[in-house]
Amino acid sequence: FFFFSSRRRHTRCREVSWARRCVQETGYQRRVHGIQKAMRVYLVLLAIVVTTYGFDHFITRSVDRLMEGSKEFRFISFNMPGLHVLEDPDWHLISEWEQEDALKSIVQIGGRVTRIYTLSIRKQSDPPTMKKHVNGLRKYDEDLFRCLDKMLELCNKIGVRVIMPFIDRWHWWGGIEDFKEFRKAKNFYDDPVVREDFKDLISDVLNRVNTYTGQKYKDDKAILAWETGNELNPTNSEWTKIMVAHIKSIDKNHLVMDGRYGIDMNMLNDPNVDIVSNHYYPDAHETYAVRCRNDRKISLGKKAFFVGEFGIEKTKMFEDLLEEVISAGTIGAMIWSLRFHNKAGGFYKHKEGDTKFYSYHWPGFPENKDYDEQAVVALMTKKAYQIQLKTPPPIPTPEAPILLETNNVKAINWKGSVGGRGYDVARSLSKDGPWEVLVNNISDCKQIEKEGPLFSDKTAQSGKLYYYRVRAKNESGASAWSNVIGPIKAQFE
């Protein structure tokens with residue numbers, strides 16, 4: 001500025017030009033100062049958000065207990081295998097809305113923690129267009145990993161921690177047999193090259209930067225623990241020792257869990273293992289409670305122990321197990337498994353092999369009485385709070401459902417409400433009413449792809465135009481009415 005003002009020898013024309021430029025420079029500087037001020041305000045607000053977002057502490061271990069800061073951390077909850085990718089009714093990406101529905105269900109149950117299934121591995125029999133997390137050596141599907149990113153973002157936002165296993169022993173989503181095929185190797189556990197490949201996979205996951213939060217996975221407090229895999233069966237302890245040491249060399253924030261099926265006695269003294277677990281299914285003579293008692297004795301004073309999976313049994317077996325977990329000081333237990341609302345309407349459902357058991361659904365529905373869903377879900381909720389020394393609060397009044405657009409009065413579906421036990425459907429000849437309630441308290445616990453729409457208006461008159469709305473209800477009350485859809489012309493053959 002002073003440089004220009006010293007040049008008084010210029011002509012009047014130059015002085016006018018200079019004056020105009022000064023005004024322009026001053027206006028520019030004002031805009032810059034305004035932007036700088038706005039940025040300072042933004043950074044202050046961002047700092048406030050960061051300090052209130054997510055969790056205050058990583059979960060740590062004190063001998064055979066887990067700690068959240070200075071408080072002991074225990075949990076009873078549900079496995080949620082499809083929180084990062086969906087296998088029913090076919091393999092597909094999960095939506096953010098579905099992830100929110102799932103996590104909010106865990107919160108209402110009192111679970112605090114969930115465990116997802118493993119990363120999917122491409123199998124030779126997979127169609128070329130089928131998405132898998134791992135498509136080859138260090139070849140990853142970005143869309144599927146973005147679903148993991150979003151899951152972690154929402155876990156922090158909603159307040160649920162997650163246990164993340166790396167790879168499966170079994171073939172369901174692709175597992176160890178498929179991973180070794182990338183090298184045409186004979187053995188997943190013993191081949192030195194495959195070991196290095198798996199260490200690369202671990203490194204890439206731990207160092208991944210979340211595309212929504214900008215945070216590396218190894219720095220994310222929502223992750224309770226890394227699990228080496230699901231129901232693994234290494235021939236000896238060497239493989240596990242190598243992998244847990246590798247995880248700890250990269251990530252000193254998180255706990256590490258041995259993913260072996262059952263407790264490996266050799267890992268009880270390994271400094272890089274924090275948690276051991278076991279899965280209980282009807283494949284042994286002892287009750288689940290007795291098996292848990294024995295496993296707790298083995299790990300007592302050495303490692304934290306929890307029941308990673310249990311299921312496919314009578315409700316009394318579950319109740320006795322959970323009583324044992326709580327009384328013996330076991331860190332927790334997770335039943336198999338919870339499925340959530342489908343964004344297209346109804347719920348996802350999963351049948352457990354050739355048994356009568358299906359997945360569970362919050363808040364539990366009478367139509368699933370064959371496997372005692374209502375009683376099991378109620379038991380899990382009671383024990384989830386009991387292990388925290390709390391009494392279960394009343395179930396929250398559901399939020400309004402979202403009615404989905406349709407051109408068929410016989411195919412009316414909606415995105416369900418967390419905790420909704422039933423729904424009222426209303427119809428009108430005008431979008432402003434008056435409204436006639438056609439049905440009260442109908443359930444949305446249906447897999448619409450197989451069982452048909454949630455509601456079919458069979459009283460509509462052909463040729464007339466109709467509007468619809470819906471609300472959710474439970475014992476705490478009714479939601480607001482949903483959005484209105486229509487006009488829909490009733491057409492019957």
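Which residue takes a positive phi just after H8? Gly-301 does, with a phi of about 75°, and helix H8 is taken up in the first legend below.

This is a predicted model, in which local features need pLDDT of at least 70 and side-chain atom pairs count only at pLDDT 80 or more, while totals for chains, interfaces and linings use all residues. Residues are numbered from 1 along each chain as its sequence is written, and side-chain values use heavy atoms, with hydrogens and water left out.

**View A. Helix H8 and its buried face.** Helices (H or I, at least four residues) and strands (E, at least two) are DSSP runs numbered from the N terminus. Helix H8 covers residues 288-299, and its 12 residues should span 16 Å at 1.5 Å a residue (the expected span being 1.5 Å times one less than the number of residues), which agrees with the 17 Å between its end C-alpha atoms. Its buried residues (buried meaning under 20% relative accessible area, exposed over 50% and partly exposed in between, with a 1.4 Å probe and protein chains only) are Tyr-288, Ala-289, Arg-291, Cys-292, Asp-295, Arg-296 and Ser-299. Seen down the axis of H8, these buried residues fall within an arc of 160° (taken from the directions from the helix axis to the C-beta atoms), so they line one face of the helix. They pack against strand E11 (275-280), strand E12 (304-310) and helix H9 (315-328), where contact means heavy atoms within 4.5 Å.

**View B. Arg-469 in strand E20.** Arg-469 lies in strand E20, which covers residues 465-474. Although Arg-469 is buried, it has no salt bridge, a term for a side-chain nitrogen of Lys or Arg within 4 Å of a carboxyl oxygen of Asp or Glu. The nearest side chain of opposite charge, that of Asp-432, is 9.0 Å away; here Lys and Arg count as positive and Asp and Glu as negative, while His and the chain ends are not counted. Leaving aside residues up to four places away in sequence, Arg-469 touches several residues, among them Leu-403, Asp-424, Trp-435 and Trp-481.

**View C. Arg-195 and Glu-196 in helix H6.** Glu-196 has its place in helix H6 (residues 192-206), and Arg-195 is found in helix H6 as well. Arg-195 counts as buried at 11% relative accessibility, whereas Glu-196 is partly exposed, with a relative accessible area of 41%. Leaving aside residues up to four places away in sequence, the contacts of Arg-195 include Glu-238, Trp-239 and Met-243. The C-alpha atoms of Glu-196 and Met-243 are separated by 9.7 Å, although these residues stand 47 residues apart along the chain.
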